[in-house]
Amino acid sequence: MKDNTRECGLSQPTKGNEEWLHRLVRPNIWELTPYSCARDEFKGREANVFLDANENAYNSPFNRYPDPLQEELKAELAQVKGVPAEYMFLGNGSDEAIDLVYRIFCEPRQDNVVAIAPTYGMYEVCAHINDVEYRPVLLDNGFQLNADKLLAATDERTKVIWICSPNNPTGNCLQREEVEKVLKGFSGIVVIDEAYSDFTQMRPFRCELPLHPNLIVLNTMSKAWASAAIRLGMAYADPSIIALFNKVKYPYNVNILTQQQAREIIHNRPKLQQWMTTILTERRHLMPAVAELPLAKEVYPSDANFFLVKVTDANSIYRYLIDKGIVVRNRSRVALCDNCLRITVGTPQENCELLSALRQYKD
């Protein structure tokens, strides 16, 4: 894994003016008194007898509630990501952070959010769950956003703009100038999902947090960190926003097994880097090989560990691959992705099996 510590170089935060944030947050959330975890009450003191939380005294360490703020894990991630722990929230996958954005900032049946389209589907699903209007704005034919078009879709009740870069399912990074134009032109919350940013050479937006107090950046251990099973997502933001996340989240949202495994993964960065190198090498070989197939009409550029390909008949090819025991993602029902399949870059053997099957496909 590449070390972004030097790249970001964020300093410890200083307390700033929170009036702008007060204006955006739902009143009931601003006034909320959070649940007090047992372990919070003696924080900073030594203790070795724990009789406060009605835990079973046996089966250590799994009998104890985990650190509610994951402080040891955050300290290690801070060294890797170049962002102080005060700017960091950890959750049960990025989906928890996505849901918390709605619960903190969006008043049901009153507020709305704006998002690029196509993009990751959970932004819209969470909007519907929270009864918040969702306004998709189509990208252009090259899957790039137009900042003016995105900002024009907002009104006085727009609380959040969702941007994903590299985007899913298109795979491409969005033009930085247009994203920055959105950040400067919108007074609400801008969320940039960088789940796939480790596969690119672009400077991550989490490095720009001091310049944009309204910015939230998402990241995850599911992709480049090869750990989707442990369900660990990250949100980076101004410490005043992180405090709201910690206020609203469930008390022990990241279990001890996830915290332990995440720390092991961090210590195994050379192996992760080796896997990353292999994935990027395979991507360079797989994409042009697919492009040469008669069934491929266009293979779109990718900055992620997957790519989008327009084919002759996505539904038929998808079913054919399923019959061969090969699962890809049919994105034909997604805006601008008619007859498109999204293909994740696998191991060399998996990629060979995919190509072999596609070469045998008959219309």
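This text follows strand 11 through its neighbours and a pocket, and then turns to backbone features in the loops. The model is predicted.

Strand 11 spans residues 340–344 and is mostly covered, with 4 of its 5 residues buried. Two other strands pair with strand 11. Strand 9, residues 306–311, runs antiparallel to strand 11 and is joined to it by 5 bridges. Within this pairing, Phe-306 has Thr-344 of strand 11 as its bridge partner. Strand 10, residues 329–330, is also antiparallel to strand 11, and here 2 bridges make the connection. Asn-330 is matched with Leu-341 of strand 11. In a regular strand, side chains alternate between the two faces of the sheet.

Strand 11 also takes part in the lining of the second largest pocket: this strand and helix 5 (93–105) each supply at least two residues. Rolling a probe the size of a water molecule over the atoms shows where empty space is left. The volume of the second largest pocket is about 530 Å³. Its lining comprises 25 residues, and those nearest the centre are Tyr-120, Asn-168, Tyr-196, Ser-222 and Lys-223. Sorted by class, the lining holds 9 nonpolar, 9 polar and 7 charged residues.

Asn-168, one of the residues nearest the centre of that pocket, leads to the peptide geometry of the chain. Asn-168 and Pro-169 are joined by a cis peptide bond, with omega about 25°. Another cis peptide bond links Ser-165 to Pro-166, where omega is about -5°. Pro-166 belongs to the loop between strand 4 (158–164) and helix 8 (176–185), and Pro-169 is likewise placed in the loop between strand 4 and helix 8. As a general background, most peptide bonds are trans, and most residues other than glycine have a negative phi.

Two residues depart from that second tendency. Gln-70 is not a glycine, yet its phi is positive, near 50°. This residue sits in the loop between helix 3 (27–30) and helix 4 (71–81). Is Gln-70 buried or exposed? With a relative accessible area of 1%, Gln-70 is buried, because the cut-off for that class is under 20%.

Leu-336 is the other case: its phi is positive, about 70°, although Leu-336 is not a glycine. The loop that holds Leu-336 lies between strand 10 and strand 11, which returns the account to the antiparallel pair described above. The relative accessibility of Leu-336 is 32%, so this residue counts as partly exposed.

Key
Residues numbered from 1 in each chain as written. Predicted model: local features only at pLDDT ≥ 70, side-chain atom pairs only at ≥ 80, totals over all residues. Heavy atoms only, no water. Buried < 20%, exposed > 50% of the residue type's maximum accessible area, 1.4 Å probe, protein only. Pairing = 2+ DSSP bridges. 1 Å grid on protein atoms, 1.4 Å probe; cavity = no way out; pocket = protein on both sides within 12 Å on 5 of 7 lines; lining within 4 Å. Points joined across faces, edges and corners; volume = space filled by probe spheres on them. Nonpolar A, V, L, I, M, F, W, Y, C, P; charged D, E, K, R; others polar.
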